[in-house]
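The report below walks through selected local features of the structure shown here, moving from a single side chain to a strand, the nonpolar cores and the charged pairs.

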Amino acid sequence: MKSKNPNHDAERAVLGAAMMDGRTVPELAALVDAGSFDVPRHGLIWEAIAAQHAEGKPTEALAVAARLAAEGTLGKAGGGPYLHDCLDAVPSAASGTYYAGRIAEAAKRRDLAAASARIGQLAKEGGNRDLAEVVALSRAALDAVATDAEDWPAPVPLTEARALPAFPAACLPDWIGDMVDAVAEATQTPTDLAGSVALAALSTAAQGRVHVQAGPDWVEPANLFTCCALPPGNRKSSVFAAMVRPILDAEAELAEAARPRIIEAITEAEIAKRAAEQALAVASKNPGDPDAANGAKSAAMEAEAVTIPVAPKLVADDITPEAAKSLLAEQDGRLAILSAEGGIFATIAGRYSGVPDLDAFLKGHAGDMLRVIRKSAPAEYVTAPALTVGLAVQPEVLRDAARMPGFEDRGLLARFLFSLPASRVGFRNPAPAAVPGPVKAAYGRKLAGIVHTMHHRTDAAVLELTAEARERVVRLEREREPRLAPGGEWEPILNWANKWTGAVVRIAGLLHMAQYPTTGHASPIDADTLDAATMIGYYFADHALGVWSYMGTGAEVGPAGELLDWLRRHGQSGMSVRDMHRGLRRRRNFTTADKVRDAVARLVDHGYLRERPRAPRRGGRPASPCYDLHPDMAMAGDLA
């Protein structure tokens, strides 16, 4: 939709660019503000976009519309459809700065027209003012237009404090979502904790016997690694106990059911062993008797062939990598590590052995063949291990994990679905309602039912997708790819985001089995279930960005953050790259002037530095640029 005024079309294009790609907002904000827009509703929309970005929230049309609606100004802004008109007005987000320049120029021209009208009014009032006063006031009016009188906009923090979403419990089947909400209320903890553990409990119950056919040559095992980080005093153990209890009860029931078979097998093995010993004794007394020798051999082979079943074990807590491999081999490739502590990270990193051992966890997540070496027995191969990990840790554990050898570069952290919720300590209800009996009973009964159903399967149930759900997966892949590109939204979590669609598919498989515990293996996953899994997937993506930022492993800070910290303490307006390099060249990140220049460019983009206009020179090399520091740099954004 075009208007008769090209500048109004440019205004729509700028708004569309900002909603299309939130990363353009700082660059656009350096050129325009709400007062730059000639159309009043455009100023309202820009204020909402700028506020969303400043709070670390999305600037997409849907989010902006929700903010305007909450403020009661959506109608004044033209409604939701008008925001989409703005999106249609711009060919690409990259062209936003061009149109912003046009808007800024148009705003300056309007200011000039207003100043001209003011001068004309002053001239007409000549009888009431002397000429010198009229000239002085006219010159002041023109100077106000010629000078950029706007304040230097507040810098955009290098690492913004993200407003992370709450766990979408409504996306879970009712019997799980009700339990998550009830446990969160009863323990006065964020729903994120109970929701994260609930997904790990579902994965444990499925026992690696659920796979999803996501594409022609793409099968995802539906086992998850989850980790929720909360400070001490947030009742992590209480939540774990409530959400995991049905799994432990089912494990005890399976062990009790297997006990007669184990006793029977032990008895048969003892009988066969004694028969082999007797046959060997007979053969020893008759060394020339071939029948006795053959009888001894047969008896020994029969004794060796007796297999003693192991007691079912679904869950381990604090376990070494070697013990995890042995249990995976013993339990037919399926095991869950569920713990309200984060010690497992240190154990994997070699707390006891001194050598990091990630194989069981990397291969147990992917389902790749795992070789188990035993000291007193031949090596075993677990063809398709399915390991579940559900942890609740203190946030500082995440920073420790990021520094552990191999955790980041070998992709262990990329396999976890992280939650980093805000603590409710200090805001808790001292007398909350208990978990309702029917809610607890339904959760326990249905979760245990999945355990019993899947435990007796010898092969995995491969779930198909409906045609509509398959289209959803292709669309997710298509939407994800630009986010992974250099400068993309998910570039700071590239390794993690590469596994995002697979994680969504895994979650969808578990939600499907939870919705249809007894018949799910025989029916395809529908589009609604995949949509619910996608919402949970986006939740985890937002939290992954927050976690990687918290761990300090993302690309958001880097040398630019180090330079900013130095400038806060030692910087002065008018400094050049050379001046900065002199002060920083002993530091690893600033060994060359080019590295300083790259960091300076980033600080300019975020509004911490501003290049001074260069005076024209005749011949010779151009003058080196000098930079002014933001007046409020001492109070600029927090890097932590």
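## A polar side chain in a loop

In this predicted model, a polar atom of the side chain of Asn223 lies 3.1 Å from the backbone oxygen of Gly364. The side chain of Asn223 also reaches a second backbone oxygen, that of Leu387, at 2.7 Å. Asn223 itself belongs to the loop that runs between strand E2 (218-221) and strand E3 (225-229).

Is Asn223 buried or exposed? Asn223 counts as buried because its relative accessibility is 2%, which falls under the 20% cut-off. When neighbours within four places in sequence are left aside, the residues in contact with Asn223 are Ser203, Gly364, His365, Ala386, Leu387, Thr388 and Arg506.

## Strand E8 and its partners

Ala386, Leu387 and Thr388, which are among the contacts of Asn223, are also residues of strand E8 (residues 386-393). This strand is mostly covered, with eight of its eight residues buried. In a regular strand the side chains alternate between the two faces of the sheet. In E8, Ala386, Thr388, Gly390 and Ala392 point one way, while Leu387, Val389, Leu391 and Val393 point the other way, and all are buried.

Which strands pair with E8? E3 pairs with E8 in the parallel sense over five bridges, and Ala229 stands opposite Val393 of E8. Strand E5 (residues 334-339) also pairs with E8 in the parallel sense, here over six bridges, and the bridge partner of Arg334 in E8 is Ala386.

## Nonpolar cores

In soluble globular proteins, nonpolar side chains tend to be buried together. The largest nonpolar core in this model has 119 residues, of which Met243, Phe361, Phe407 and Trp496 touch the most other members. Helix H20 (residues 527-551) supplies the largest share of this core, namely twelve residues. Apart from it lies another core, of 24 residues, including Met19, Ala48, Ile49 and Cys86.

Phe361 offers a view of the surroundings of one such core residue: leaving aside neighbours within four places in sequence, Phe361 is in contact with Phe225, Pro321, Ile337, Ile344, Ile348, Leu387, Val389, Leu412 and Arg415. Two of these contacts, Leu387 and Val389, are listed among the E8 residues that point the one way opposite to Ala386 and Thr388.

## Salt bridges

A search of the whole structure finds 23 salt bridges. One of them joins the side chains of Arg23 and Asp21, with an N to O distance of 2.7 Å. Arg23 counts as partly exposed because its relative accessibility is 47%, whereas Asp21 is buried, with a relative accessible area of 18%.

Lys325 and Glu322 form another salt bridge, in which the closest N and O atoms are 3.6 Å apart. The two residues are three residues apart in helix H12 (residues 321-330), so about one helical turn separates Lys325 from Glu322. Lys325 is buried, with a relative accessible area of 9%, while Glu322, at 42%, is partly exposed. A salt bridge also links Arg597 with Asp594, the closest N and O atoms being 2.6 Å apart; both residues lie in helix H23 (residues 593-605), three residues apart, about one turn of the helix. Arg597 counts as partly exposed, with a relative accessibility of 41%. In addition, salt bridges that share partners join Glu55, Lys57, Arg67 and Glu71 into one network.

How values were computed:
Residues numbered from 1 in each chain as written. Predicted model: local features only at pLDDT ≥ 70, side-chain atom pairs only at ≥ 80, totals over all residues. Heavy atoms only, no water. Helix = DSSP H or I, 4+ residues; strand = E, 2+ residues; numbered from the N terminus. Buried < 20%, exposed > 50% of the residue type's maximum accessible area, 1.4 Å probe, protein only. Polar contact = N/O pair within 3.5 Å; in protein donor to acceptor, adjacent residues only side chain to side chain. Contact = heavy atoms within 4.5 Å. Core = buried A, V, L, I, M, F, W, Y, C linked by side-chain atoms within 4.5 Å. Salt bridge = Lys/Arg side-chain N within 4 Å of Asp/Glu carboxyl O. Pairing = 2+ DSSP bridges.
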